[in-house]
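Here are my notes on the model you sent, as numbered points. Please read them with the structure open.

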Amino acid sequence: MANFINPALTISPDKISSEKISWQTPSNIAIIKYWGKHGRQLPRNPSISFTLNNAFTKTELTYQSKQSKSDALNLDFYFEGKSNPAFGAKSKKFLESITDIFPFINQMDFTIQTDNSFPHSSGIASSASGMAAIALCLCTIERNLFGTLKDENEFRQKASYVARLGSGSACRSVYPTMAIWGQTAAHEMASDEYAVPFIEKLHPVFKTYHDSILIASRGEKKVSSTAGHALMDGNIFAQNRYDQANQRFNDLLDILKAGDLDAFGKIAENEALTLHALMMTADASYILMRPATLSLIEKVQNYRADTKQPLYFTLDAGPNLHLLYPDEIRKDVKPFIEQELVPLCENGEWIDDCVGGGPEERSSFDV
Ligand code: PMV
């Protein structure tokens, strides 16, 4: 077990000057899904995701020496330039839950300003990029104030561990290209506690893969991911699902190394439909797909049957369709999206994304 609990990370108050840390952190899309958890945010099965490029969160965290004598954490939280009590409360709870890892949190006041590149409530999860960004900011404070985490691998591993505590899938957003989270015999470095990068053995075709996100509905989700994970505990298919995910993970790793696009797509689509089947078979049952989701799926399957091109989809815990395809068919897929799929999207909205290079520290943003 990794042990990041470190009571030594406190500092004399006069050494804390007011500083600003900024990170741009991407969202990610899982191919093998994490669905079901236990303990302190530990996954029931291994998962693997693409790190995205254009769907990201910009986060500026400013800290100063704590001004009041009270024990309460002082956090001012702004989203898109406006105070946001709901996101603020979630972030505050997260910071309060990790003071054993970063005791200096108790010695500081914080302001967080955050902004997403993707439209607000477009149904794209911002918790992965948002929580990963806060974790990266905190690790940066630690490195700057204590001289620890100078080693890049150590830095990323701790950031991933901390991000996981904020939102499970966030731990994978710390790395470029692809990341694995969850113990598996198929990858000996993999851990339940943090994600690890999967790049070196990845076939080059996947390093420039596209993910075109079709917004079937912008509405708020009826059931949160937290509630969805909890419902897996009573789902009669749960154990079969965890066994299936492990088996698929083994298969997918070989496929990702070999660059077999149809085998990849078949697993990606079945994983998406399995995730939603688990929601539909939960007690209480729920459906996050919308009529437009099914219309889009049908169009994609027909396109594939007609053209024999490796255009496949996946879904997150929501109604929006993620189209996965290699760069070499982009010139055919783009007009198909624009002419056939965009008219089915809410307000014609879609996000043209692809695999990306991971989080970047910035000197500042205009957030
Ligand atoms: O990280 P959470 O707790 O929001 O769960 C996300 C789960 C899925 O997005 C549905 C799958 C995944 O592995 O990202």
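**Notes on the predicted model**

1. Pro 43 is found in strand β3, which covers residues 42–43. This is a predicted model, and what follows should be read in that light. With a relative accessible area of 3%, Pro 43 falls under the 20% limit and is therefore buried. Setting aside neighbours within four places in sequence, the contacts of Pro 43 are Tyr 34, Gly 36, Lys 37, His 38, Trp 181, Gly 182 and Asp 192. Ile 329 is not in that list: Pro 43 and Ile 329 are 286 residues apart in sequence, and their C-alpha atoms are 35 Å apart in space.

2. On the chain as a whole, 9 helices and 14 strands are assigned. The C-alpha trace spans about 70 × 45 × 40 Å along its principal axes. Is the radius of gyration in agreement with a compact globule, or in disagreement? For 367 residues, a compact globule would be near 21 Å, and the chain has 21 Å, so the two agree. Buried residues are 55% of the 367. Of the contacts with a separation of 6 or more, 75% are between residues 24 or more positions apart.

3. The next points concern helix packing. Two packed helices are described by the angle between their axes and the distance between the axes. Helix α1 (residues 85–97) and α2 have axes that come within 12 Å and cross at roughly 45 degrees. That angle makes α1 oblique to α2, and the crossing is right-handed. From α1, the contact is made by Lys 90, Ser 91, Phe 94 and Leu 95; from α2, by Ser 127, Met 131, Ile 134 and Leu 138. Sorted by class, this α1 and α2 contact has 5 nonpolar, 2 polar and 1 charged residues.

4. How are α6 and α7 oriented to each other? The axes of helix α6 (residues 238–258) and helix α7 (residues 261–280) come within 10 Å, with a crossing angle of roughly 160 degrees. An angle over 145 degrees counts as roughly antiparallel, so α6 and α7 are roughly antiparallel to each other. The crossing of α6 past α7 is left-handed. On the α6 side the residues are Arg 241, Gln 244, Arg 248, Asp 251, Leu 252, Ile 255 and Leu 256, and these meet Ala 263, Phe 264, Ile 267, Asn 270, Glu 271, Thr 274 and Leu 278 in α7. The contact of α6 with α7 comprises 7 nonpolar, 3 polar and 4 charged residues.

5. Helix α8 (residues 291–307) packs with helix α9 (residues 330–341) at an angle of about 140 degrees, and their axes are 12 Å apart. The angle does not go over 145 degrees, so α8 and α9 are classed as oblique to each other. Their crossing is right-handed. Leu 296, Lys 299, Val 300 and Tyr 303 of α8 make the contact with Asp 332, Val 333, Phe 336, Glu 340 and Leu 341 of α9. By class, the contact of α8 with α9 has 6 nonpolar, no polar and 3 charged residues.

6. The remaining points concern backbone geometry. Most residues other than glycine have a negative phi, and most peptide bonds are trans. Glu 80 is not a glycine, yet has a positive phi of about 50 degrees. This residue is in the loop between β5 (74–79) and β6 (82–83). Its relative accessibility is 33%, so Glu 80 counts as partly exposed.

7. Leu 149, likewise a residue other than glycine, has a positive phi near 55 degrees. Where does Leu 149 lie? Its place is in the loop between α2 (127–146) and α3 (152–166). Leu 149 is buried, because its relative accessible area is 6% and the limit is 20%.

8. The peptide bond joining Asp 283 and Ala 284 is cis, with omega about 10 degrees. Ala 284 sits in the loop between α7 and α8. Please look at this bond alongside the positive phi values of Glu 80 and Leu 149.

Methods: Residues numbered from 1 in each chain as written. Predicted model: local features only at pLDDT ≥ 70, side-chain atom pairs only at ≥ 80, totals over all residues. Heavy atoms only, no water. Axes fitted to C-alpha atoms, helices over the stretch in contact; angles between N-to-C directions. Helix = DSSP H or I, 4+ residues; strand = E, 2+ residues; numbered from the N terminus. Parallel < 35°, antiparallel > 145°, perpendicular 65-115°, else oblique. Left-handed = near helix turned anticlockwise from the far one by under 90°. Contact = heavy atoms within 4.5 Å. Nonpolar A, V, L, I, M, F, W, Y, C, P; charged D, E, K, R; others polar. Rg over C-alpha atoms; globule rule 2.2 N^0.38 Å. Buried < 20%, exposed > 50% of the residue type's maximum accessible area, 1.4 Å probe, protein only.
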